[in-house]
Amino acid sequence: MLENIRLSFKGIWSHKMRSFLTMLGIIIGIAAIIAIVSTIQGTNEQIKENLIGSGDNTVEIALHQGDDTFEIMYEGIPAGVPVISQDALKQVKEVDHVENASLYLSRPEYDGVYYLNTALSGGSVVGIDENYFDTCNFIIQKGRGFTTRDYLDYRKVALLDKDSADVLFQGEDPLGKTIEIKREPYIVVGIVAKSKEFEPVINSLEDYYTYAQISAGKVYVPDSTWPIIYQFDEPQNLVIKVDSTDNMTTAGKESANVLNNYLTTDDDTVKYQAQDLLEQAKKIQELGESTNSMLIWIAGISLIVGGIGVMNIMLVSVTERTQEIGLKKAIGARKSNILGQFLTEAAVLTSMGGILGVISGIVLAEVISRISETPVAISIPAAIGAVGFSMVIGIIFGMLPSYKAANLDPIDALRRE
């Protein structure tokens, strides 16, 4: 085998230009496939990242009616939906892959939050437990967070995010100031933010409408004070922190099932559902699959053309080396020896083309990325598979010339000029 490989390299090197032109079809086909696959994977990863964000791996679980979120401000408190107990919360924390969990309540507020005469239009009020900020990876940027006494003493204190602080105070320091939530005074004690800020990559108007989060900000209050401004015994939402992005869907569904086991409502459409961001990403990715598959098939055609070129040049090589084949047979070479030599030469030729194609594909993917600002992700399995596939093409398309060489009559071969 090693001798056959050495002879293959020797034959390729002795006809450098011819060998390169023969490999060109393989190089172009492999390069096109690597570039397409890298662009597809890069785009898919960008879609996932845009939806999931900075990688905090949190999943929100909320009460739904059918496919829509249950709107308590319009529907009222549903019968048979109890307040989530500490036992239920403990069960959720015991679900596989769940690292932490927290309860919260949320209301959109169009005209219920004010500082003097400035309203937080389009913002929301969130009632949180003591574990919420740890679960969702928030940090206190300024001031302080909520203390245990704030919850026990029903203190009307509030935390703002950057957006709500900018809208309500417009550059003024909010700490210590009093805002009104549903005409109840709350003192601002701090500013909070995500520990890892993330902005989705927006390359088009469609991306903007898909990923952009348009919000006037959030106001956080202790959930113990929630009934002061809204209602007692409102159904809560749940947010869980999962150990990895890939487990978000499974952990979210299992946690929702835990909460649904506590429901006694007669309405089967009212259930807790997890926000499945991975499923949303998958649906967006599937939109481009047909086009991507077509591009890969077109690139695959060039590999077939390249394989035909390999078969053609190997037939020429057999014709050129007829006397060499006859001489080898005359001194005792078997058919299997001749067949192995030419198959090895075809496999080496296409493997070299595959390696050059992978390198060219990586370079092409990077060029496409820089020109079109499209993210790419080089797939190592695809690169290895491409080289292996090119070797298979060499063996398949080298079979006919190799078989022809192995079956030459030694006497006729030696006579041929």
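**Loops, charges and rings in the predicted model**

Asp-233 sits in the loop between H9 and S12. The model described here is a predicted one, and this loop is a convenient place to enter it. Asp-233 is not a glycine, yet its phi is positive, at about 60°. Most residues other than glycine have a negative phi, which is what makes such a residue worth a look. Its side of the story is a surface one: Asp-233 is exposed, with a relative accessible area of 54%. A second case is Arg-183, again not a glycine, with a positive phi of about 70°. Arg-183 belongs to the loop between strand S9 (178-181) and strand S10 (184-194). With a relative accessibility of 77%, Arg-183 counts as exposed, because the cut-off for that class is over 50%.

The loop that holds Asp-233 also supplies a partner for a salt bridge. Side chains of opposite charge can pair when their charged atoms come close. Glu-234 meets Arg-107 in this way, with a distance of 2.9 Å from N to O. The bridge ties together distant parts of the chain: Glu-234 is in the loop between helix H9 (226-229) and strand S12 (237-242), Arg-107 is in strand S3 (residues 98-109), and 127 residues separate the two. Are these two partners buried or exposed? Glu-234 has a relative accessibility of 4% and so counts as buried. Arg-107 is likewise buried, at 9%.

In total, the model holds nine salt bridges. Another of them joins Asp-166 and Lys-162, again with 2.9 Å between N and O. Here the partners are four residues apart in helix H7, so about one helical turn lies between them. Asp-166 is partly exposed, with a relative accessible area of 39%, whereas Lys-162 is exposed, at 54%. Elsewhere, salt bridges with shared partners connect Arg-144, Arg-149, Asp-150, Asp-153 and Arg-155 into one network. Within it, Arg-155 pairs with Asp-153, and the closest N and O atoms are 3.5 Å apart. Both residues of this pair are partly exposed: Arg-155 has a relative accessible area of 35%, and Asp-153 has a relative accessibility of 34%.

Aromatic contacts come next. A pair of aromatic rings is described by the distance of the centres and the angle of the planes. The count of aromatic pairs is ten. In the pair formed by Tyr-115 and Phe-169, the ring centres are 4.2 Å apart and the planes meet at 35°, so the arrangement is tilted. This contact also links distant parts of the chain, with Tyr-115 in strand S4 (residues 113-115) and Phe-169 in helix H7 (residues 162-169), 54 residues apart. Helix H7 thus appears in both kinds of contact, as Asp-166 and Lys-162 lie in H7 too. Tyr-115 counts as buried at 10% relative accessibility, and Phe-169 is buried with a relative accessible area of 3%.

The pair of Tyr-132 and Phe-133 is edge-to-face, with 5.8 Å from centre to centre and 70° between the planes. Why does this pair carry that label? Planes over 60 degrees apart count as edge-to-face, and the angle here is 70°. Both rings belong to buried residues: Tyr-132 has a relative accessible area of 5%, and Phe-133 a relative accessibility of 13%. Tyr-132 and Phe-133 are also part of a cluster linked by ring pairs, together with Tyr-104, Phe-138 and Tyr-220.

Two patches complete the picture of the surface. A nonpolar one is formed by Ile-355, Leu-356, Ile-359, Val-363, Val-367 and Ile-371, with a combined accessible area of about 540 Å². Of these, Ile-359 lies in helix H14 (residues 335-372) and is partly exposed, with a relative accessible area of 49%. The other patch is one of negative charge, where Asp-67, Asp-68, Glu-71 and Glu-75 gather on the surface. Asp-68 is located in strand S2 (residues 68-69) and is exposed, with a relative accessible area of 55%.

Methods:
Residues are numbered from 1 along each chain as its sequence is written. This is a predicted model: local features need pLDDT of at least 70, side-chain atom pairs count only at pLDDT 80 or more; totals for chains, interfaces and linings use all residues. Side-chain values use heavy atoms; hydrogens and water are left out. Patches are made of residues with over 30% relative accessible area and no salt bridge: like charges are joined within 9 Å, nonpolar side chains (Val, Leu, Ile, Met, Phe, Trp, Tyr) within 5 Å. Accessible areas come from the Shrake-Rupley method with a 1.4 Å probe; for residues, only the protein chains shown count as cover. A salt bridge is a side-chain nitrogen of Lys or Arg within 4 Å of a carboxyl oxygen of Asp or Glu. Lys and Arg count as positive and Asp and Glu as negative; His and the chain ends are not counted. The place of a charge is taken as NZ of Lys, CZ of Arg, CG of Asp or CD of Glu. Buried means under 20% relative accessible area, exposed over 50%, partly exposed in between (1.4 Å probe, protein chains only). Rings of Phe, Tyr and Trp (its six-membered ring) pair if their centres lie within 6.5 Å; planes under 30 degrees apart count as stacked, over 60 as edge-to-face and the rest as tilted.
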